Amino acid sequence: ASSIPKKWKKFMRSEFTIRWTAQYFRMRLIKTAELDPSQSYLFAYHPHGVISMGYATGLCTNGCCFEDVFPGIDRSGTTLKATFMVPFYREWLQMIGFIVASKRNIVARLKSGKSIMLVPGGASEALHAHPECFDLYLSNRKGFVKVAMETGCSIVPCLGFGENQIFNTAMMAQSKDPLNSESAHSVVDPLRKSIHAAQKNLQKKMTFSLPILTNFIPRRHGVTIVVGKPIRFEETNVSDRAAVDKNHKLYLEGLRKLYDEHKGAYGEKGVELRV
């Protein structure tokens, strides 16, 4: 990504298909705090959804005029290594500034004073993407917290309200499914468990997950990306497990507060954020 001229990245991040995508999903980018362009940030987007539409269009590109809202923030989106193995798609990703989501790449980028976009919930969280749900796979995801501690950067929590409304999925993880009655569970539980186990096994082998979609054409539902206040950790000893756990808890508390402050305004009122 660093070999691509800035003017080309800026052009590609604003090209017409990206702008049309943002218009189709009626995307908005909400700024809640100022960001110092001289600092490096780790932007953490939640939830993953099926394809992280708000993340790619609202944060990693200029579909929502990110560079006007947060001028001077030099950022790179991150994605799976597998996506860089697809010819032509790989070149397009590089043109808009994406890098492989490896710890080495992320740490190097942050230590150079640049910023990173990340979806911490990853493929596991995608299996819990469903309308009227805001379930995050974060209770044991502490790697991004450790990276922030190691590099001294702040984490910026970002919430994509409406991300999970774009696709309907057949939920196989029963504990996360609020739509089935107890009687329905008793009938389909064995099948659901088997399919969910197969999804998890495939995820381990392929590094990405395969949610079962019940609508293949994305629903035109508004997506609002709320960018929160940067969270900086005072304790930075990564080898101290207690410090890591404390900082992880601080982040989750800040994330939940951001969610509660904005859920009523952007269509998630009555939907609980679950980790």
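**Helices, salt bridges and a surface patch**

Reader: At roughly what angle do the axes of helix 6 and helix 8 cross?
Author: Keep in mind that we're looking at a predicted model. In it, helix 6 covers residues 103-111 and helix 8 covers residues 143-151. Their axes come within 10 Å, and the crossing angle is roughly 35°.

Reader: Is the crossing of helix 6 and helix 8 left-handed or right-handed?
Author: Picture the two helices touching: helix 6 brings Lys 103, Ile 106, Val 107, Leu 110 and Lys 111 to the contact. From helix 8 come Val 147, Glu 150 and Thr 151. As for its hand, the crossing is right-handed.

Reader: Which residue forms a salt bridge with Glu 150?
Author: Glu 150 sits in helix 8, and its partner is in helix 6, 39 residues apart from it along the chain. The closest N and O atoms of the pair are 3.9 Å apart, which fits the 4 Å cut-off for a salt bridge. The partner is Lys 111.

Reader: Does Lys 111 count as buried, partly exposed or exposed?
Author: Let's start with its partner: Glu 150 has a relative accessible area of 35%, so it is partly exposed. Lys 111 comes to 55% relative accessibility. Since the line for "exposed" is drawn at over 50%, Lys 111 counts as exposed.

Reader: How many salt bridges does the structure hold?
Author: Besides Glu 150 with Lys 111, there's one between Glu 34 and Lys 31, whose closest N and O atoms are 3.1 Å apart. Here Glu 34 is exposed because its relative accessible area is 63%, while Lys 31, at 33%, is partly exposed. Across the whole structure, the number of salt bridges is twelve.

Reader: Is Arg 75 buried or exposed?
Author: Arg 75 meets Glu 67 in a salt bridge, at 3.2 Å from N to O. Glu 67 is partly exposed, with a relative accessible area of 23%. Arg 75 has a relative accessibility of 1%, and because anything under 20% falls in the buried class, Arg 75 counts as buried.

Reader: Why is helix 3 largely enclosed by the rest of the structure?
Author: Helix 3 runs over residues 53-60. Its buried residues are Met 53, Gly 54, Tyr 55, Thr 57, Gly 58, Leu 59 and Cys 60. The helix is largely enclosed because, of its eight residues, the number buried is seven.

Reader: Which residues form a nonpolar patch on the surface?
Author: One member sits in helix 5, residues 89-95. That member, Trp 92, is partly exposed because its relative accessibility is 31%. The patch has about 260 Å² of accessible area together, and its residues are Val 86, Tyr 89 and Trp 92.

Reader: What share of the accessible surface belongs to carbon and sulfur atoms?
Author: Now for the whole protein: buried residues make up 49% of its 275 residues. The accessible surface comes to about 13,700 Å². The carbon and sulfur share of that surface is 56%.

Reader: How many helices and strands are there in the protein?
Author: Before counting, look at how the chain folds back on itself: among contacts with a separation of 6 or more, 78% join residues 24 or more positions apart. As for the elements themselves, the count is ten helices and nine strands.

Technical notes:
Residues are numbered from 1 along each chain as its sequence is written. This is a predicted model: local features need pLDDT of at least 70, side-chain atom pairs count only at pLDDT 80 or more; totals for chains, interfaces and linings use all residues. Side-chain values use heavy atoms; hydrogens and water are left out. Patches are made of residues with over 30% relative accessible area and no salt bridge: like charges are joined within 9 Å, nonpolar side chains (Val, Leu, Ile, Met, Phe, Trp, Tyr) within 5 Å. Accessible areas come from the Shrake-Rupley method with a 1.4 Å probe; for residues, only the protein chains shown count as cover. A salt bridge is a side-chain nitrogen of Lys or Arg within 4 Å of a carboxyl oxygen of Asp or Glu. Helices (H or I, at least four residues) and strands (E, at least two) are DSSP runs, numbered from the N terminus. Buried means under 20% relative accessible area, exposed over 50%, partly exposed in between (1.4 Å probe, protein chains only). Axes are lines fitted to C-alpha atoms, for helices over the stretch in contact, and angles run from 0 to 180 degrees between N-to-C directions. A crossing is left-handed if the near helix is turned anticlockwise from the far one by less than a right angle, and right-handed if clockwise. Contact means heavy atoms within 4.5 Å.
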